[in-house]
Structure formats: structure tokens, C-alpha cells
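Q: Could you take me through one part of this model at close range? I'd like to start from a single helix and see what surrounds it, then work outwards from there.

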Amino acid sequence: MSQNPPNLRPDLAPLPRIDDTRRAGQPSIGMVSLGCPKALVDSERILTRLRAEGYAISPDYAGADAVIVNTCGFLDSAKVESLDAIGEALAENGKVIVTGCLGAEPEYITGAHPKVLAVTGPHQYEQVLDAVHGAVPPAPDPFIDLLPASGVSLTPRHYSYLKISEGCNHKCKFCIIPDMRGRLVSRPVNAVLREAERLVEAGVKELLVISQDTSAYGVDRKHDLSPWKGGEVRAHVTDLARELGELGAWVRLHYVYPYPHVRDLIPLMAEGKVLPYLDIPFQHAHTDTLRRMARPAAAERTLDRIAEWRDICPDITLRSTFIVGYPGETEAEFQTLLDWLDEAQLDRVGCFQYENVAGARSNDLPDHLPAEVKQDRWDRFMEKAQGISEAKLAAKVGTRQEVIVDEIDAEGIATCRTKADAPEIDGNLFIDEDAGALSPGDIVTVEVDEASEYDLWGRLV
């Protein structure tokens, strides 16, 4: 049984889970999906379209007629990881189509791997399909190749990501996502709700709401109204969350910027409509650092908002990500961040060491820090965050928690998550006795009897 490491990357999606059978003569496509949950949703949409055209989905290189690599370009280290994955797919299979964020830089990819069949950018589904058709022509059998109503899912059956918008209007200096994925484009609210309803009808117990900026949902649509169940719903994150909360599944909100109107979500959490969980990318706490980042936030007001949220919903779990070693970050600025953590007492924290990314404006800032300084600050930051996490989890010993079961291993140990834990990026709760009758997706009550820095153990009530 493994505990969550303190340096778990907060930008990564779960590994895709592919389980598909192939009929004789059926063309098959493999998928390597890298990067964040938003990219995983793109992979699901591509595979759903391919499955509808009669392609099988292969879980390995050897069984695939061609392979799609959905890349990440968020950090330079992620770009290297993407190039390595492309190289591995070429070596193991030979027919490779590249898509995703790094696909916005086709010369970068073809310069390293000139033998790829095609390169497309993020959410360019039609171009990906055209490339697949050219490499492996479809051969559908309309009597056999039936597509489930919910489409192809790359996550376990009991939870699913629900992408509500694409792109971002912010201009953070360290980020090139708006350059790759464009400005904010929100989906119609009734389309989001229809998808969510279908997912719940198909057995999904937890909806993970994702976007580049969930708080800004509907801004580009001027919060227009859409027909829904005999009435109308506004394209606004509060209205969307309220309607999602009526579907009977857990609803978890990710990538929420701390705008003032986020306060209106907290009563929904206190009422049990959505999970008492906010994933908010604060990134730093010192005013000067935030200004150099061009971040739309102020640390002083943020602490006031956190206190207000906790007054409304005392059980709220706050998760965030931070960058240490940003260009120009002084020791005093970093110490302000540590002091802010002491005050904020966040429940879940991820941290990056700053990296240059080709095309980011932060590359041109003065006073870049040496690698050893960034590593030292990361170590000190994570030590602080770990101490806070350990104390908060120790306080849960003796409490009863509602948990969702993710997996049962061969020894009958159940890996679960509380309402405070998102898949992959947060901790787990383990049940190591009397869990043999449980199944993934079950929601049960557990009494916590042990805690570590990141995980809990408990017994069924």
C-alpha cells in the first residue's frame, strides 16, 4: 500500500484506462494521453468519434494499427516528456499521429520526430480524425460496432471529468495556455447539463468539473439563458453548480479563481448540493510576486475570503497550487508565502519549481534564480505544507467520513477517497478490514482510526 508522495504533480490526469475488445478485421487505434484532465477529456472525445466509426481502441502498441499521442506543452519538462512518448510510440508501433497542446508547435515536434504522420493542435478533433482515416481507413460493421450512449471513458466508470469551457482570458506571464487553446469559450449550459445527466444515468457517481477558469464560466456568453427541464438556466458557475447538484452525484469543482462571486458557491456546499471542496490556483502570496506573474489576485483579500468561506461552510476543503523560485522572488517574498500558508492553513497543496516555457513572457524577466535556490525553496515549502496536512488529517481521527471506493486490491484492501480528496492529486483513505464485499463506486461511511501526512485509514461503520 503506497502513500501519496508530497511532490505529486498537480497538473496530471489519471492514467487512461482502456478496455476494449476487437473483432476480426477491425482497425484499431492506440492512445497515449499526457497532461491535465482537460487533455484527457479531449482524448475521450477523439476515441468516442473513432469508436463510432468502427475503430477498436487498443490498450497497447502491438495491438494498434496506429497510435495517437495527445501531448502536453505546459512546461518545458512536459514538452520533453511528450517528445519521449512520441519517440517511444514510433519505436514500438511506427504509425504515430500527434495532437494536443504541444501540437501548436508542429515544427518543434517534426524537428525531433520527422516520421510522425500528422501533427494537430489542441481540440482539433476533425483534423485528428482525418489523419487517422489517412493512416488506417475505417471499416465499420453497423450491426456490431455499437457505441455506448455515454461515449468512451478513459477514467474508472464511477467518476468522470466534465469540461465546461475551453481557453482562458488571463494573461499570466508564466503560462502559454491561452496561446495554445485560445480565449475563453464556454459551452452552452444545457449542453453541459445534458452530458452530466447522461453520465449519471450511466453510473457515474462523481462529476469533476474542469476548465481553464471555472469561475469565469459563461462570461464570454454574457451569462445567457438556455432552456432546461421546462425552465431556463443561466450560463454562470453558480447556476450550473446548483443544477449539477440536483443530479444525485458528487460534484467537485476544479480550477476556480478566487473572484468575489465564488462566495455564492459556498452555501451550495454547506447545503450538500456540491462537495465542500475548492481547487483554487493561488500560485503565490506576495503582492510583488503576483504582480510580476500578472495574476488576478491579492493575497490580503484572499485570506479574508478564505475566512468567510470557512464561516459559511466549516467543512470546506481548500486545495491550491503554487510556484516557487519565480524570477525575482526574494527570500523575503518567499518567507511571506510560508507565513501566508501558516495563516491560510490550506488542506491540499501542490507546488512547482518555476520553469521557463518557450513563448512565455516570464522568460524575459530579470533575476532568474539558480536551480539550487529553487530546489531549497521547494523543499522548505513542501515541509511546511506537509506539516499542515499532517495536523489536519490527525484531527480527523475518530470522525466519521463518507468515502467513495476507487479500487479493491487482491488482498481485499479498499482504496477510497473522502469528499476532501480528488482522484490522483489528493490523498486516499484505506480500508484494510472487512472490505471484500465493496466494489468501485460504492459510497460508504467509515470511521477514521489512523492518519499520516497525506492519507487516512479507517473501518466500515
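A: Here is a walk that starts at helix H6 and moves on to the elements around it and beyond.

Keep in mind that this is a predicted model.

Let's start with the helix itself. H6 covers residues 189-201, so by count it has 13 residues, and from first C-alpha to last it reaches 18 Å, close to the 18 Å expected at 1.5 Å a residue. Its buried residues are Val189, Asn190, Ala191, Val192, Leu193, Glu195, Ala196, Leu199 and Val200. An α-helix has 3.6 residues a turn, so residues three or four places apart point the same way. Just after H6 comes Gly203, with a positive phi of about 110°.

What covers those buried residues? The cover includes H1, strand S6 (159-163), strand S9 (206-210), S10, S11 and H7. Several of these deserve a look of their own.

Take S10 and S11 to begin with. Strand S10 (residues 225-228) runs antiparallel to strand S11 (residues 231-234), and four bridges join the pair. One place to see the register is Ser226, which sits opposite Val233 in S11. Together the two strands form a hairpin with two residues between them, and Lys229 in the turn has a positive phi of about 50°.

On the H7 side, look at Leu247. Leu247 lies in the loop between helix H7 (237-244) and strand S12 (250-253). With a relative accessible area of 18%, Leu247 counts as buried, because the cut-off is under 20%. Leaving out residues up to four places away in sequence, Leu247 touches Ala196, Glu197, Val200 and Leu207. Ala196 and Val200 are among the buried residues of H6. Leu247 and Glu201 are 46 residues apart in sequence, while their C-alpha atoms are 9.2 Å apart in space.

Then there is H1, another part of the cover over H6. Helix H1 (residues 37-52) has 16 residues and a first-to-last C-alpha reach of 23 Å, close to the 22 Å expected at 1.5 Å a residue. Of the 16 residues of H1, 13 are buried, so this helix is largely enclosed by the rest of the structure. Just after H1, Gly54 takes a positive phi of about 100°.

H1 also leads to a sheet. It lies across strand S1 (28-33), S2, S3 and S4, and runs at about 175° to S1. The sheet is open, has five strands in the order S2-S1-S3-S4-S5, and its pairing is parallel. Its edges are strand S2 (56-58) and strand S5 (118-119), each of which pairs on one side only. Within the sheet, strand S3 (residues 66-71) and strand S4 (residues 96-100) run parallel and are joined by five bridges. Asn70 stands opposite Thr99 in S4. Helix H4 (residues 125-135) lies across S1, S3, S4 and S5, running at about 180° to S4.

One more residue belongs with this region. Ser82 is in helix H2 (residues 76-92), and Ser82 is buried, with a relative accessible area of 1%. Not counting residues up to four places away in sequence, Ser82 touches Leu34, Thr71, Cys72 and Leu102. Thr71 falls in S3 (residues 66-71).

For contrast, here is some of what comes later in the chain. Helix H11 (residues 331-344) and helix H12 (residues 371-394) have axes that come within 10 Å and cross at roughly 10°. The two helices are therefore roughly parallel to each other. On the H11 side the contact is made by Glu331, Phe334, Gln335, Leu337, Leu338, Leu341 and Asp342, and on the H12 side by Arg377, Arg380, Phe381, Lys384 and Ile388. By type, the contact residues of H11 with H12 divide into six nonpolar, one polar and five charged.

Last stop: a barrel. Five strands close up in the order S16-S17-S18-S20-S19, with mixed pairing, and neighbouring strands are turned by 50° against each other on average, direction ignored. Strands S16 (residues 400-408) and S17 (residues 414-418) pair in the antiparallel sense over five bridges, and Ile404 has Arg417 as its bridge partner in S17. Leu429 is in strand S18 (residues 429-431) and is buried, at a relative accessible area of 0%. Beyond its neighbours within four places in sequence, Leu429 has contacts that include Val403, Ala414, Cys416, Val446 and Trp457.

Methods: Residues numbered from 1 in each chain as written. Predicted model: local features only at pLDDT ≥ 70, side-chain atom pairs only at ≥ 80, totals over all residues. Heavy atoms only, no water. Pairing = 2+ DSSP bridges. Axes fitted to C-alpha atoms, helices over the stretch in contact; angles between N-to-C directions. Parallel < 35°, antiparallel > 145°, perpendicular 65-115°, else oblique. Contact = heavy atoms within 4.5 Å. Nonpolar A, V, L, I, M, F, W, Y, C, P; charged D, E, K, R; others polar. Buried < 20%, exposed > 50% of the residue type's maximum accessible area, 1.4 Å probe, protein only.
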